[in-house]
Each structure stands twice: as C-alpha cells, then as structure tokens.
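Visitor: I would like a close look at one part of this structure. Please take me through a strand in the middle of things, then show me what lies around it.

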Amino acid sequence: MSDQSTPSKNGFFLKANRITKVYSDGTVALKEASLEIRPHEIVGLLGENGAGKTTLTKILSGLLPPTRGRVVSPKGPVRFTSPREALDFGIGMVHQHFALVGTFTAAENVTLSHEQPFTRTRIAETQQQLESLMEQSGLHVPLDVPVEKLAVGEQQRVEILKVLSRNVDLLILDEPTSVLTPLEVDELFTLLRRLKNEGKSIILITHKLKEVGSITDRVVVLRHGEMVGDVRTAEASTERLAQLMVGQALDEKADAVELSTEEIPTKRVQQEIDRSGAGTLHVENLVAKGNTGEIAVNGLSFDVYGGEIFGIAGVEGNGQTELVESLTGLRVPASGTATINGTNILGLDPRQIYRLGVAHIPEDRWELGLVLPFTLAENAILGVHRWEEFRGPLTLLRWGKINQHVRRLMDRFDIQATGPSAPAKSLSGGNQQKLIVGRELAKDPAIIVASQPTRGLDIGAAHYIRQTLLEMRDAGRAILLVSADLDEVLAHADRVGIMYEGRFMDVCTPDELDRERVGMLMGGATGKEGE
Amino acid sequence: MSQNETTVQSRLLRGAHRTLTGLHPALESILAAIVGLLVGAILMSIYGFDPWKAYMGLVKGAFGGSYEIASSLARATPLILTALTFSICLRSGMFNIGAEGQMYMGGIASVLVTYFVLPTGLHQIAGLILAGLAGAAWGIVPAILKVTRGVSEVISTIMFNWIARWLALYLAIYVVVDPLRPEKTLSIPMTARFPVLVRGTDLSYAIFVSIAFAFVIYFLLWHTAIGYEVRAAGLNPTAARYGGIRNRRTMFLSFILGGVAAGLAGATIVMGLPPTYAIYGGGGLPQLLNMGFDGMAVAMVGRNHPIGILVAAVFFGGLNAGGRVMQFYGANPVPLEMVRVVMGAIVLVMSIPELIRLFPMVKKQAEGLIGWLRRATRRTEREESA
C-alpha cells in the first residue's frame, strides 16, 4: 500500500456541499446532499431508482450544474461547466452505456476521447501510454482489436482505461456490474481494490447490496434525493442498509428477494405438474440468426408447461433476445419448430401469435413496449387495438371503453399517472413497466413471455411485478422468464435453463444449483472442467 | 417565509412551463410566421419600400373584405389537400415529396370528365374519383419501390414529380387539348364544374371537398384503429411491429390516401377555378405549378395536424391573394416575389427543429456568461485587496 501521495491537506479530495438540484420541470432530484470523498477509499452510492445517485455523480463530473450548493476541493470551491473541465481536474465517470466506436480499436477509442488530432503518431503514442498504464494497473485489454469484437467486460475495461489515461484521481462507475458475469465482476473488483491502494478515490453507484458489502469502505445511501445514511461498510448490516434504502414505509417490501444476500427465499408452492408430453410452449431444435447473421440461438429444445415458470439465466447477448423474438413473431428463425398448444408459430406475425394467447413483456420497453409520444390510453391498447371490445364498425375506436379499461388497469396495477391522456413518456420507468405488464396480462394469456421484466425498476415496482407473475403461474399459466438478474431467475423459476452462446449449458431446478456453479455455467465452463 | 416563496415561485414556474409546452406546436408556428414576416420587412426596407404600408396592403388584400377573404379561401383550397398529402405520409413515418406530381395527374385526370355526360352532382363526383384514383396510382409506385426494392421515397417521389410534370404537359398539349384553342385543354363541362360560392370571386364549392377531406383524415387518424396503426408505425415502427401492426400496410395506406388527397387538389383547381375550368399548357401549367410544394410548407406550419392545416392553408392562401394586391398598392409597389420570400423565410424558421427549446439554451449561455463575469470581477477584487 502506497502512502498518501495525493495533495490533500484537509484529508479529502472533493466535497459536495449541501447540493440541491431542481430540474427545469420542477422535479427535485437532490435535497441538500453532502458527500465527502477521500483518497484511498471506495464509496458505495446506494439507492433505488430515482433516488438521485446519478444526478449527484453527474454534478460531480460536470455534466449538470447544481441548483444550490457547491462542490469544494481542498483549494476552494470548484465549478465545472463541462465533463472536460472535470476530467482536467481529475474526475472521470464511466457510464452505464459505453461511448465507444465499435469499429475502432481500444487505442483509437482512447485517442478519440483525448480530443486531440486523430493522427497515426498520436494513436501510436496513446498505445504506448496505454501499455504502460495496463502494466501499472494490471488491467489488460487487447489494444489492436476493434472494440465491437470484445466482450462486454472488456469493453468496460476500455472505458475505464479511457478515464485512467487522463490521470484521474476520482473514478465514478455507474452500475458497472449490471452487464458482467460473476467472474468478470470479481476481476473488476480486484482492479478497483488495486486502484484504491494506489490512492485513487472511487465512487461505485449500485443498487446491489451484496456488492456494497464486498468492495466498498463506506456506503452513502440516498433516498428521494436526501442523504439518509453515511456509514462505514464494516459497521453496517445488510438489513440496516436495505432499510435505509427503501425507507420505513416500505418495510413490508424489505424482504424482497434482492435484499436477502444469504438465502434465496423459496416461496414456491410445489404443485405437481405433469411434464410428460409437449408443453404449452414446445420448442424443438430452434436455430435463429442474430442481426449480423451469426447463429444466435443454436438448436434449443425445451418445453414450458402451464403452472410453471421456466427461467432462462445467462449473461445478456447469449441469444436470449433472439430466442424471445423468434417465439413472439418478431424474428423469423432459421430452422426448428415451436408450437403453442400444438399450433405451429414459426413464421406467424405477432398479431397471429397473440391470438393464440401469447403475452409478451418485451426487454426494451422504450423501443419495443411503448410508443412513448402516445398517451397512456393509446399505449394500453397497443396490440389489442383491434379487439372487438375497443373497436366499433369501420374500426372506429371506442375511446370511452378504452379509457374505462385504462382506469381499471391503473387501479389494478397501481400505475401512477395523471390520467389516461397522460403521455407515456411522462411516466416513471416503473409505471411504464407496470403499464406494459398490465396491458399484456389483460389479454388473459395462456403463456407469458417476460423478458427482463424488472430491469431498472425500484424495489417496490420490481416486487410487485414478480408477485404478479407468481400469481399468473398459480393461475395455471405458462411463463417463460428471461432475465439477466440471476437472483430473480433462481428465486422464482421452477426450472432454469442457463444459456451460453445460444445453447443451454444445463436445465435443472434452482435447488440443484449453487451460485458458483451458475457463475461458471454462465461463463461457458461446464461444472467438471471449471477453473 | 422564504421557503413559502420558493414553493409558490416553483409552482408558478411549473405552471408556466406546462402551459408553454402544451401550446408548444402552435406557438412555434406563430413565431415562425412572425419571424418570416420580419425577414420580409427587413428585405423590403433594404430595397426602399415601406414594409408597414406593404403589409397593410397585404392584409387588406387578403382579409380586407368579402371578396378578399373569398379569394384567400380559394387559394387555400388546393393547399389544404396537398398539405394533407405530406402530413398523412409523415404521420406514418414517410417523406412524401410527391404531392406536386400526384396533383398534376389528378388535374389531368379530372379533364377526362369532358368525355362523358352525367347529371350535375354525379359528374363532379366522377371527376373527383378519377382525380383521386390518378393521384393514388401515381403515389403508390414510390411505395411499391420502397417496399420491394428499398428505394428511398424521398428520391423516387421527387423524380416522379418531374415525370408527372412533363407527362401532364404532353397530355395537355397533345391529348386532351381544346381543338379550337391549342394553348389549353378542353374545358370542364358545365355539369361537372363546382359552382361559385361567392359571386364574382373564384371561390367555389370545391373548398368543401378540401374541408371535408381534412375532417375525414382527422377522424381516421385519431378515431379509428387503422389511423391508430398509421400513427403508431410512424412514431415507433419497432413498437408497432411488436403491437402486431403490419408496417407495410400502413405505409401503402398512407401513400394511397396521400395520393388521393393530391389528386383531389388537382381536381379542385381544374373543376373549381373560374373562369376557364381548364388547364393551360402554355408557360408550363401555370395554375398548377408549385401547389404541391406549397402544400408542404402549409403542412409544416399546420404542424401536420388536419385542423392546423386548415388554419395554415388560409394563412398561406391569404399571403398569395394579398401579395397580388401588395404589388399594386399606391406608391409602394412591392413585387409579388416578396411574398414568396416571406413564405421561404417561414419555412426556413419552421425547419429549425424545436425552436422554442433554443431559448433555454440561450438563457443557459447568458447565465454562464454572467456567472463567469461575476467570478472574474470577484477574483480581480480579491487580487487587488491582496
């Protein structure tokens, strides 16, 4: 461990002083939040969606100006009007969505980010700088391969290199683990520890309590824009943090699956399901190609029976998207068969498939699930807009009945909005997702294909949606649950298929799996020959 | 106390913000019109005209009396329809620049009613149907090219405009030509003409065709499942596909409807424009020229909403009608071209996307500048005192 080399007479590197942020639409994102960042420290910034984590870090990294309050360095107040100024000061942020040019190599991407002339010599210089930087930090990335050919974890490392190459002292990472396999997460954490020992400060935004416990030194908890806790990790229990994060009012929801790190609750009502014969959804030797023509789904066969949840776990990008799209008519598979209650569905378009009793909760709610400029009511009939219930002669829409239907949905699914004519883009992420779930379940489906149904939602909304899915299962519906959230799949599925490069590594009940084995299967290693 | 003030203030701000965003589209159009008129005024004063007098003349010439209003409305009649052509297709996510060509085909097709005899009423309807079909036929080809061969509809509709223009000219000069007066086509028979609405003006009953079509389109888009599909496909094609909407179908439908609208526009000009009720070949179809392109400007100012288009078309019709008066106005003869400059400026301003949003940006820059100045003065003060 090196000693205090950073110039910090007062013992801190940067301080956020009673920062308030009010967005132009009147939303108060932060209320007098204060945060002190010291060298040699990893701070976990914990909070639900919309708690103000991202707003705070955006203010620190110069993306947003604070409404009130200021950012203070040991030398006095600082004011960044752009991320570049913050970078020059020594603050760098790695965003959740990478900003990389896919066809460029890592060296080229880093050169590009330096905003200097993009010349051959400059790239070569950067390459050298990166090589020595990789030597120092132990962070290794192939430098001369186009980044689109790299795994997600490697791309993230390129992003980190990009920031480190600017010699930053404070590194801010926004939910860095959401796209990584368990092994990649371990590697990332090793790297972060090493950087910490070199004297850097690190802010880690997360809503996973487990990560907080394993890597951070200090945890700062935000709730509704207010700082509700600033504790040393060693002194904080998981239960306490969870309580801080969701608040007292949500206490009954505090036992939601994400919060329990030790044990996965098995609330499953074990009912016997007859698994002989073909299931409600029967898939055999399904092969589907991805957007670039590569084989994405490679000969999958499985059945989903009524009354069970069949979970598909795996790191994103291993063919889950293509599988779901093939089953819901959005993608034409290359070969294989898929039937729903005996009817072949391959080659049918979405409308015909919905008619067979399929509900589809899509993975991308903004691109696929909703027409954002449409109102709540218009979105609530997407896909069912031609149903007799909503349509009179000459395809006239019965807005009266539609609005009634929407009010029922808002009631039943607890959708917070001003009314049926509120634009969908004005809703929060959780309410948008509830709208989609409500719309799909209102179809009274025989089979539900749910893809990442709780991604990006706060604990309350996620819990509610999971509960709804469990109810549908108990009502005898077949559910295909695809999720990158391993805990979610393991906690709710009756059977799990672990998907890697378009194939199932294993299909079994969650009880037969421990996390290590799942982690290895997700990374493509079979149990026996694993590291 | 101060807490209270801030909440009141923020509530007021929020209210003002909501009102502004609600009126946003209309405000943008009005602002664009004002800026366009200002640009025209500046140009006029550069060339030594009195812009105030000129605009008084323009307004008087456009809306100064029943005759003026009638001629403004008469000029608005085809513009409503060609604007709808652009708007319907834009609502379904396509850029249909082909209203001009589709309108030529509709105009020529409506001349064909001279070849058969029908009672009044039926004869007009026959003409409208012919024009609508011709416009739709002309509009559907780019749609087919787009679906089957992936040809950009922008390119193909522009090229089809030229084909239509010379084809229409050829037909007007050689095929449906008046044997006694080779500079014009056969005149529409009395039974097929739209009667004049206000005596002594060129405003005919054809305007009701335009208004009715605008309302039909409004109703279709916002009150039927078909229109719902068109709008969904236009706003988010991926989500539309997910919703079981067949995007090809909505695309074809919008091009057909757009073609019908443009074809009808041609018919309203030929069958509803006294005194000739014919197309003049000389000078390259002067009555029809640019009606399709002007329609795109109307659609933009009308924010691609049928009701907005009705208002915007009357505004543009007024500019056209009043512009003629402006050039004869006393000692201040502003050339007619100035009106087109104003129109051009309006379109340019409209095409600056999200105009209103520019203002927060300007505000932000100004705030940054003030903050920097303040900090700089403070720094110098500190240095001086030190």
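Guide: What follows starts at strand 7 of chain A and works outward from there.

This is a predicted model. Keep that in mind throughout.

**The strand itself**

Strand 7 of chain A covers residues 170–174. Is strand 7 buried or exposed? Five of its five residues are buried, so the strand is largely enclosed by the rest of the structure. In this model, a residue is buried if 20 or more other C-beta atoms lie within 10 Å of its own.

Now look at the two sides. In a regular strand the side chains alternate between the two faces of the sheet. On one side of strand 7 of chain A sit A:Leu170, A:Ile172 and A:Asp174. On the other side sit A:Leu171 and A:Leu173. Both faces are covered.

**Its partners**

Strand 7 of chain A pairs with strand 6, residues 91–94 of chain A. The two run in the parallel sense, over four bridges. A:Ile91 has A:Leu170 as its bridge partner. A:Val94 has A:Leu173.

Strand 6 of chain A has covered faces too. A:Ile91 and A:Met93 point one way, A:Gly92 and A:Val94 point the other way, and all are buried.

Strand 7 of chain A also pairs with strand 8, residues 201–206 of chain A. That pairing is parallel again, over five bridges. Here A:Leu173 has A:Leu204 as its bridge partner. Find A:Leu173 in the view: its bridge partners include A:Val94 and A:Leu204.

**A buried helix**

Next, turn to helix 3 of chain A, residues 106–113. Seven of its eight residues are buried, so helix 3 is largely enclosed by the rest of the structure. Among the buried ones are A:Ala106, A:Glu108, A:Val110 and A:Ser113. What do these buried residues pack against? They pack against helix 4 (120–137) and helix 5 (152–164) of chain A. Just after helix 3, A:Glu115 takes a positive phi of about 55 degrees.

**Stepping back to the chain**

Chain A contains 17 helices and 20 strands. Buried residues make up 47% of its 531 residues. Many contacts reach far along the sequence. Take contacts in chain A between residues at least 6 apart: 67% of them join residues at least 24 apart.

The domain assignment splits chain A into three parts: domain 1 (1–90 + 168–254), domain 2 (97–167) and domain 3 (281–522). The centres of domain 1 and domain 3 of chain A, taken over C-alpha atoms, are 34 Å apart.

**Another sheet**

Chain A also has an open sheet of six strands. Their order is 16-17-18-13-19-20, and the pairing is mixed. Which strands form the edges? They are strand 16 (358–361) and strand 20 (503–508) of chain A, each pairing on one side only. From one strand to the next, the twist averages 15 degrees.

Inside this sheet, strand 17 (residues 447–451) and strand 18 (residues 478–482) of chain A run parallel, joined by five bridges. A:Ile448 has A:Ile479 as its bridge partner.

Helices lie against these strands. Helix 14 of chain A, residues 429–441, packs on the sheet and touches strand 16 and strand 17. Its direction makes about 175 degrees with that of strand 16 of chain A. Helix 9 of chain A, residues 320–327, lies across strands 13, 17, 18 and 19. Helix 9 runs at about 150 degrees to strand 17 of chain A.

**Out to chain B**

Finish at the contact between the chains. It takes 26 residues from chain A and 20 residues from chain B. On the chain B side, helix 1 (2–46), helix 8 (225–235) and helix 9 (237–242) each supply at least two residues. Helix 8 of chain B gives the most, with five. By class, the chain B side has eight nonpolar, nine polar and three charged residues.

One residue to find here is A:Arg386. It sits in the loop between helix 12 (376–380) and helix 13 (399–412) of chain A. Leaving aside neighbours within four places in sequence, A:Arg386 is in contact with A:Arg391 and B:Ala225. Why is A:Arg386 classed as partly exposed? Because 19 other C-beta atoms lie within 10 Å of A:Arg386, and a buried residue needs 20 or more. The C-alpha atoms of A:Arg386 and A:Leu397 are separated by 8.6 Å, though the two residues are 11 apart along the chain.

Definitions and conventions:
Residues are numbered from 1 along each chain as its sequence is written. Chains are lettered from A and ligands numbered from 1 in the order in which they are written. This is a predicted model: local features need pLDDT of at least 70, side-chain atom pairs count only at pLDDT 80 or more; totals for chains, interfaces and linings use all residues. Two strands pair if DSSP finds at least two bridges between them. Axes are lines fitted to C-alpha atoms, for helices over the stretch in contact, and angles run from 0 to 180 degrees between N-to-C directions. Two residues are in contact if their C-beta atoms, placed from the backbone, lie within 7 Å. Ala, Val, Leu, Ile, Met, Phe, Trp, Tyr, Cys and Pro count as nonpolar, Asp, Glu, Lys and Arg as charged, and the others, Gly among them, as polar. A residue is buried if 20 or more other C-beta atoms lie within 10 Å of its own, exposed if 12 or fewer, and partly exposed in between; C-beta atoms are placed from the backbone. Domain bounds come from an automatic or database domain assignment.
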